[in-house]
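Q: Can we go through the empty space and the surface of this model? Short answers are fine.

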Amino acid sequence: MSEQKESSVLFSLKELMSLEEDRIKTEEAQKAAAAAAAEKARLEAERAAREAEEERIRQEEERRRNEERRAREEAARLEAIRQAEIEKARLEAEQQARLAAMAAQQQHERSLAALQQDESKSRLRKILIGVVAGVVILGGVSGVMIYNTIQKNEQERMIQEARAREAEEQVKRLEAARKESEAKEAELRRQLESAKDESTRLALQKQLEAEQAKQEQLRRGGGGSARPASGGAPASGGGTKAPCNCAPGDPLCSCL
């Protein structure tokens, strides 16, 4: 009986030890599973954080690219507007130069027509001098007066021609000044595009604006500066006549 009791006790102890070992293994397995789950959760959290950061960086890069694209588009739009204004100013300057040239040409043609009229009058006076030279007692005096009239007409013709030449030279000077200003403006724009520091860009921009103001002044003054003045000695047949100093009844008097 004693041996059976001892065997029963040993069996019970073994059974208890086996249960304890199972419990310990179960706890260790649970701890390992919990640790694995915690590690997995940590890795998942880190992965989610990395993905979120990568998404934020991607969105920031996309926003930056969009802003740069919009800035380029705005700069291109402003440049197109500026180029259109420059082209418009150039066309206006050319139009002003053409109008000034046309005005000078018309004045030159009027001067030629006045010269032809003066020549016709001169020929008529010479014929009258030949017809009445033998019968007019005051022919010598009249001849002097006719000569003075011819001299006066010749002076007026020379004045008109001088005005026409001055108008043509003024048109040429305006055109040369316009071309020089456009060339200088183009050079300033090239320097402005290649300028690196802000102070140089500001200085070039001021020079460019001054050159544009100069072109605007040329355009405003070009239409009237090339036109010859209307004052001065009047052409033959117009304006205020000189006082008549002819003798009464003189058939060769120019006042007639």
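A: A term first: helices here are DSSP runs of H or I with at least four residues, numbered from the N terminus. Also, this is a predicted model.

Q: OK. Where does Leu13 lie, then?
A: Leu13 is in helix H1.

Q: Is Leu13 exposed, partly exposed or buried, and why?
A: Leu13 counts as partly exposed because its relative accessibility is 44%, and that class runs between the 20% and 50% cut-offs.

Q: Which residues make a nonpolar surface patch with it?
A: Leu16 and Leu19 join Leu13 in a nonpolar patch of about 290 Å².

Q: Switching to the inside. How many cavities of 30 Å³ or more are there?
A: The structure has 2 of them, and the largest encloses about 130 Å³.

Q: What lines that largest one?
A: There are 12 lining residues, and Ala93, Leu174, Arg178, Leu218 and Arg219 are the closest to the centre. Helices H1 (2-132), H2 (139-194) and H3 (198-225) each give two or more residues to the lining.

Q: What classes are those lining residues?
A: The lining of the largest cavity has 5 nonpolar, 3 polar and 4 charged residues.

Q: And pockets: what volume does the second largest have?
A: About 200 Å³.

Q: Which element gives the largest share of its lining?
A: H1 does, with 6 residues; H1 and H3 each supply at least two.

Q: What is the lining of that second largest pocket like by class?
A: It divides into 7 charged, 2 polar and 2 nonpolar residues. Among the lining residues are Arg82, Glu85, Lys88, Glu185, Gln212 and Arg219.

Definitions and conventions
Residues are numbered from 1 along each chain as its sequence is written. This is a predicted model: local features need pLDDT of at least 70, side-chain atom pairs count only at pLDDT 80 or more; totals for chains, interfaces and linings use all residues. Side-chain values use heavy atoms; hydrogens and water are left out. On a 1 Å grid over the protein atoms alone, a cavity is a set of points where a 1.4 Å probe fits but cannot get out, and a pocket is an open set with protein on both sides within 12 Å along at least five of seven lines; lining residues have an atom within 4 Å of a point. Grid points are joined across faces, edges and corners, and a volume is the space filled by probe spheres set on the points. Ala, Val, Leu, Ile, Met, Phe, Trp, Tyr, Cys and Pro count as nonpolar, Asp, Glu, Lys and Arg as charged, and the others, Gly among them, as polar. Patches are made of residues with over 30% relative accessible area and no salt bridge: like charges are joined within 9 Å, nonpolar side chains (Val, Leu, Ile, Met, Phe, Trp, Tyr) within 5 Å. Accessible areas come from the Shrake-Rupley method with a 1.4 Å probe; for residues, only the protein chains shown count as cover. A salt bridge is a side-chain nitrogen of Lys or Arg within 4 Å of a carboxyl oxygen of Asp or Glu. Buried means under 20% relative accessible area, exposed over 50%, partly exposed in between (1.4 Å probe, protein chains only).
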